[in-house]
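Please open the structure in your viewer and keep the selection tool at hand. This tour goes from one aromatic ring to the next, with a short stop at each.

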Amino acid sequence: MLYREVGQYHASYRTDTAIFPIRQDRVGMLVILAVAFIIVPVFGNSFLLDVVAIPFLIYALATIGLNLLTGYTGLLSLGTGGLMGIGAYTCYKLATWFPGVDIIVWILAGGVTAAAIGALFGVPSLRIKGFYLLVATLAAQFFLQWAFERVPWLYNNNVSGDIEVPTRTLLGLPVTGPNATPATRYEVTLCIVVVLTVLASHLVHSRVGRSWMAVRDMDIAAELIGIPLLPTKLLSFAVSSYISGVAGAMLVFLWYGSAEASVFSIDLSFTILFMTIIGGLGSLLGSFLGAALIHMLPIALRNVLPGIGLDLRPATVEHLNLMIVGALIIFFLVVEPLGLARLWQTIKQKLRVWPFPY
Amino acid sequence: MDLLYLIFVDPFVQMGQAPDLLVQTLWDGLVSGVLYALIALGFVLIYKASGVFNFAQGIMVVFAALTLVGLYAAGIPALPALALTVVIMLALAVAIERLVLRPLLNRPDIVLFMATFGLTYFLIGFGQLLFGGETKQMITRQLHLPQGAIDLHILDGLVTLQKIDIAAAVIASVMVASLAFVFQYTRIGRALRAVADSHRAALSVGISLNQIWVIVWFAAGVVALATGIMWGARSEVSFALEVVALKALPVLILGGFTSIPGAIVGGLIIGLSEKLFELYWGPLIGGGTEAWFAYVVALIVLLFRPHGLFGEVIIERI
C-alpha cells in the first residue's frame, strides 16, 4: 500500500528501462539529494560533516569502485588501498607542479594513473581466478605501499614522508588545506560522488555493464557468445581503479589533510572489501549502505556504549567495538548473505503489499 | 652496464667472497620458511576439509599464543597452561562450528570467506579485551624449549644457529608428517577428504559434517598454537603477527591450496628467496623488499602455472 505502483504505466522502452522506473523511487531520490545538498551542510556541525558525512561519501565512492570490479565483473581484489594511494600521490604531484590549475581537475586526474596501474596489475586476471587473483592483487597492494614509503620523489622529498595538502581555491573559496571549511569540502565531495555514481550507474546499465556481468556469471560462456575477455576484464580493472584513485585523492585532499604511506595499507583494502560485500555485491545502492554501516557503526558504538551507563575505559570500548563489528558481520552474513541491498529489496516488497501478507 | 653488473654479477661475487654470510642467510631463510609453512598448514587444513579460505588463521595464531602467555601470567604452571590452551582451542573450534559454520552451510564460498573476516575482527577485539594490546614475551624457558645458539666455525667464518630455530624445524616436520599420515591413511582423514570434495555427497554417505568441521578447526587451532609458540619464542607475542600471517597466502599460491607438502615447499621457497633477495639485491632499490617480494614471486609463478606448483588443475565446463 505504501509503495503502490498501480497506475504507473510504462508506455515506452525508455521509461521502462529507466534507472528509477517507479515514481516513489524518483521522489525519494530527489528528497535524499535535497537533504544531502542543502539540509546536511546547513544544519550539520563540523563533527557530523568531518567525522560522519565526508568519510562516508568517500568510502562509498571507493566501494562503488571495488563493486564494479568484484560485484559486477566477479574479480576479487585486495589492491584497493594501493590504488587509492596512487590517486592521492598523483593528485599531490600534479597539484605541486601546476598550482594554478583547479584542484578538482587534479583530483579527477589522479584517477587516471590509478586506472593505468590498475589495468597493468589486472593483466594476470585472464589466467588467474578467484583466491589466486586475490594474491596477485595483494602483490600490487604491498608493492605500491612499499613504493609510497621508499620513493622520496613521490612525497617531494619531505622530511616527514607525509604528503601535506596545500590550500587551493575554487571560485575564491578554499576547497582544500587547513583553511577550507567542512561545509565546502562536504559539498565538493558530494558533487564528485554524485557525478561519478551517476556515471557508474549508466555504465553498468549499458552494454559494457552487461558484458561485465556475463563475464562474472561464467567467463567461458561469455567468451563463447563473443565477449572479448581480456579487454572486458581490463576495462573493468581500469574503471574500478579510476574510481578508487579518485576516492583516494579525495581521502587525502578533502578529508585527512595530510597522509603518510601507512594510510593506504592493506587495512584500507579490507575495509573497502567489507563494505562491498556487506552492502551487496553488484549493487550501487549496496555500496552506499555497506559504507554507511561499516563506517558509522563504530562511531555509533563509541557514542552509545558510554551513554547507556556503562563506564568503560576508551581502550575497552575500542575492543568491544571490534568484537561487535565482527559479530555483526557474521550476523549479517547469516541473515542476509546477499547484503544490505537485498535487505532493502525485501523491505520494499513488504511495503508494497502492506498491510496484507501477500 | 654498471646496473647490469650490479644486478647480475656483483651479488654472486659477494656470495663467493663471504660464504659464511650466505650460509647464515640460507639458514635464516629456511627457518622463516618453516614458520610460513606452519601458518600455511593451518590454512590448507581448513581449505582441504571445508573449502573455506580461513582468513582468521593468522589471528588464531596470535590468540593461541596470547592465551598461553596469559594463563601462565595468571599463575598456572607452564605445562598445565599449555594443556588448558589446547582445551580452549577446542572450545573455540566448537563455538565457530556452532555459531558461524553451521548457519552458513551451503552458502557460496565468498560468504564463508567473509565470515572468517568477521571472526578475525571478533578475535582481535576479544583477545585485546582479555589480554591487553601490548606485546608479551613467550614463556620459552618454562616450556622446556631449548635456548641459546650453536656457533659453527665453517667456511672461514661463523654461522650461528639458534637452538629454538632447530626445534621449530623439527616440530614443523613432525606435525607435517603426522598430518599427512592422518589425511592419507586414517578413517578420519578419508572423511575429511570426502567432505572437501563435496559436502552433499559426504553427508549422503553418513559423514557428520559438524563433527568433521570441529576436528578440522581444532587441528588448525593446535597448528596455530604451535606456530604461535615458535614465532613468539623467536620474537615476541603481538598482534603484528597477524600481518605476517598474510605471507601464508603467497606460500599457498606456490604450493597450491590443497597440498600439504606443497605448503612446506612453498614456505621454504618463499622464505629462502626473500631473504636472499633482500640481502643481495634489496640495497639496489632501497631495501625493505621483504614486504612485497613474496607476493611478486607468487604472481610470477601464477602467470605460468595458474594453479600453483602443486595444486589440482581445475577443469571448467559449461
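What follows is a walk through some aromatic side chains of a predicted model.

Before selecting anything, it helps to know that the structure holds 26 aromatic pairs over all chains. Begin by selecting F142(A) and Y295(B), whose ring centres are 4.5 Å apart and whose planes meet at 15°, so the pair is stacked, given that planes under 30 degrees apart count as stacked. If you colour the model by chain, you will see that this pair crosses between chains, since F142(A) belongs to helix α6 (residues 130–150) of chain A, while Y295(B) belongs to helix α14 (residues 293–304) of chain B.

Are these two residues buried or exposed? F142(A) has a relative accessible area of 8% and Y295(B) one of 1%, and because buried means under 20%, F142(A) is buried and Y295(B) is buried.

Next, select F113(B) and F117(B), an aromatic pair of the edge-to-face kind, with 5.1 Å from centre to centre and 65° between the planes. Both residues lie in helix α6 (residues 109–131) of chain B, where they are four residues apart, or about one turn of the helix, and both of them are buried.

Keep F113(B) and F117(B) selected and add F270(A), F274(A), F55(B) and Y121(B), and you will have on screen one aromatic cluster formed by these residues.

For the last stop, select W153(A) together with K93(A), and look at how K93(A) lies over the face of W153(A), at 4.3 Å from the ring centre.

Methods: Residues numbered from 1 in each chain as written. Chains lettered and ligands numbered in written order. Predicted model: local features only at pLDDT ≥ 70, side-chain atom pairs only at ≥ 80, totals over all residues. Heavy atoms only, no water. Phe/Tyr/Trp six-rings, centres within 6.5 Å; stacked < 30°, edge-to-face > 60°. Helix = DSSP H or I, 4+ residues; strand = E, 2+ residues; numbered from the N terminus. Buried < 20%, exposed > 50% of the residue type's maximum accessible area, 1.4 Å probe, protein only. Lys NZ or Arg CZ within 6 Å of the ring centre and 35° of its normal.
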